[in-house]
Amino acid sequence: MKINFKKGRLNYLLYKIIFLIFLFVIDSCSYSNQSAKKNTEFKNRPNILILMSDNQSARHLGCYGDKSVKTPNIDKLAENGVLFNNAFCSAPSCSPARAAMLSGQDIWRLKQAANLWSSFPKVKVFTGLFEEDGYKVGIEGKGWGPGNYKISGWDKNPGGDKFNSFKSFINKSKKDKPWLYWYSSTEPHRPFRKNGWKNSKINLDSIFVPPYLPDNIEIRKDIADYYDEIQIFDTEVGSYISYLKEINELENTIIIVCSDNGWQMPRGLANLYDFGTKIPLIISWPKNFKSGRVIDDFINLKDFAPTFLEIANIEIPNEMNSNSFLDLLVSTKEGKISNQRNSVIMGRERHAFVRQGGLGYPGRAIRTEEFLYIRNYKPQRWPAGDPPLYGDVDSHMLQYDAPTKVNILKRKLLNDSDEFFDLAFSKRPKEELFDLKNDPYQLNNLSNDKRYLSIKKNLSDALTKYLKTSGDPRENGIEYDWDGAYYFEENDKKPKPSEKHINLLNLELDYNYLK
Ligand SMILES: [Ca+2]
């Protein structure tokens, strides 16, 4: 009996192995068929044109439902393309967000490049791989930055060779060679065009003021000036598309419109809340991507790298810990398509040099459809920078006009306590949890609410597990000194607020964060 049983078990195992091999073969067949199909589909490798705004939150475009900002060119592109409802940057700060996009990796794997005004280690970037594979690659504007790439061994911006205009790039490209061009707009980065809203006739009454900001005329004007800059970006997008038509390259070019991170307002840029991390994303290539779709799957900016590489049929390096979403682009479905893309994980280290000794404000977050969970590693520090400048918010150390920030700081001078001040500048607990169905603007932290304990635990466990497996030093007991990493903008270390702000807010003439 014993032997028979063993024999039976051996046979069973053998059958199981054969069956698994069979499944594997079937699976690889379907995979290679898929690849073969894709190769045929994109036989002529497309051009790729990335049009990126700087510091723009997700919903501030006509095609995302904003009624106050007029963006006809981008709206038209959305009609001829795919609009993503849940696209997030990997980090709410210029240099790290752009580093994640280029490298296809989480910021905590990129050493100094997790910080703003940093250097950029010599990791593989998709633009470099495109260049090696026969693409002509160019950037206009910021590319990767701000920071110092030369010090870490790059002879040019990790994004690629720099051009003054799209036209000069095209003139230097060969007719039969595909290209990739990344335009980084300076819009709607602060400072805003003064009274831009007046010139653009933006209706102040129609503006939506998110509930974490006081609703008054000064703040409405500030938001309207920001909208004016988005409208300039929209005009720029229009001019690039017109030029593509002129040179007869529109049909074979994938156009991407997105931002690098959220708006420059309290709880926006440099925060792990949605207004800092959620970005607009529209991708258009009507020839191969079914137009007019809205997709709810979660996209992380770092996923651009493997997606573009797959489109161009270039091998994706193992170290890119991100996932191509080409499957969503070539799908004909809309809404939630994949059963995988249910969340994003993001992080922040040091944004500007705004705390004594150059300390950052490290945090990690997981965002699902229903919840946002944030882990603040150093809750004893000031989240928006040391008082009284709170330099991570709005404008660089109050050197140029910052109406919203000043409005909130003035409220605090008049009152002992102010809820808007607390939301923007006060210290935060170690954990934050927001129930997005009931609290879409993330005002009410539920991390100590007993009813949410199991939800919090699940999110916290999922976050820790991901951070551990993706090699985050903060969760693996490894020392990495992001606070000590060099910051390549000396002026910020000894800030001098403008005279106007010194008078308005009773500030000192200068500050020294190096002490
Ligand atoms: Ca930015």
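Me: What share of the 515 residues in the chain is buried?
Reply: In this predicted model, buried residues make up 48% of the 515 residues. A residue earns that word if 20 or more other C-beta atoms lie within 10 Å of its own.

Me: Why is the radius of gyration said to agree with that of a compact globule?
Reply: For 515 residues, a compact globule would have a radius near 24 Å; the chain has 24 Å, and therefore the two agree.

Me: How do you know which residues should not be read in detail, given their pLDDT?
Reply: Over residues 1–40, pLDDT stays under 50. On a scale of confidence from 0 to 100, that is low, and where pLDDT is low the coordinates should not be read in detail. The model has one contact beyond four places in sequence for residues 1–40. The chain as a whole averages a pLDDT of 92.

Me: What span is expected of helix H7, and what span does it reach?
Reply: Helix H7 covers residues 217–246, which is 30 residues. At 1.5 Å a residue, 44 Å is expected, and H7 reaches 43 Å from its first C-alpha to its last, close to that value. Just after H7, Asn248 takes a positive phi of about 65°.

Me: Which residues touch the most other members of the largest nonpolar core?
Reply: They are Leu51, Ile256, Val257, Ile282 and Tyr373, in a core of 130 residues. H7 supplies the largest share of this core, eight residues.

Me: What is Val257 in contact with, leaving aside neighbours within four places in sequence?
Reply: Its contacts are Leu51, Ile74, Leu77, Val237, Pro280 and Ile282. Each pair counts because the C-beta atoms lie within 7 Å.

How values were computed
Residues numbered from 1 in each chain as written. Predicted model: local features only at pLDDT ≥ 70, side-chain atom pairs only at ≥ 80, totals over all residues. pLDDT = per-residue confidence, 0-100. Contact = placed C-beta atoms within 7 Å. Rg over C-alpha atoms; globule rule 2.2 N^0.38 Å. Buried ≥ 20, exposed ≤ 12 C-beta atoms within 10 Å, placed from the backbone. Helix = DSSP H or I, 4+ residues; strand = E, 2+ residues; numbered from the N terminus. Expected span 1.5 Å × (residues − 1). Core = buried A, V, L, I, M, F, W, Y, C linked by C-beta atoms within 7 Å.
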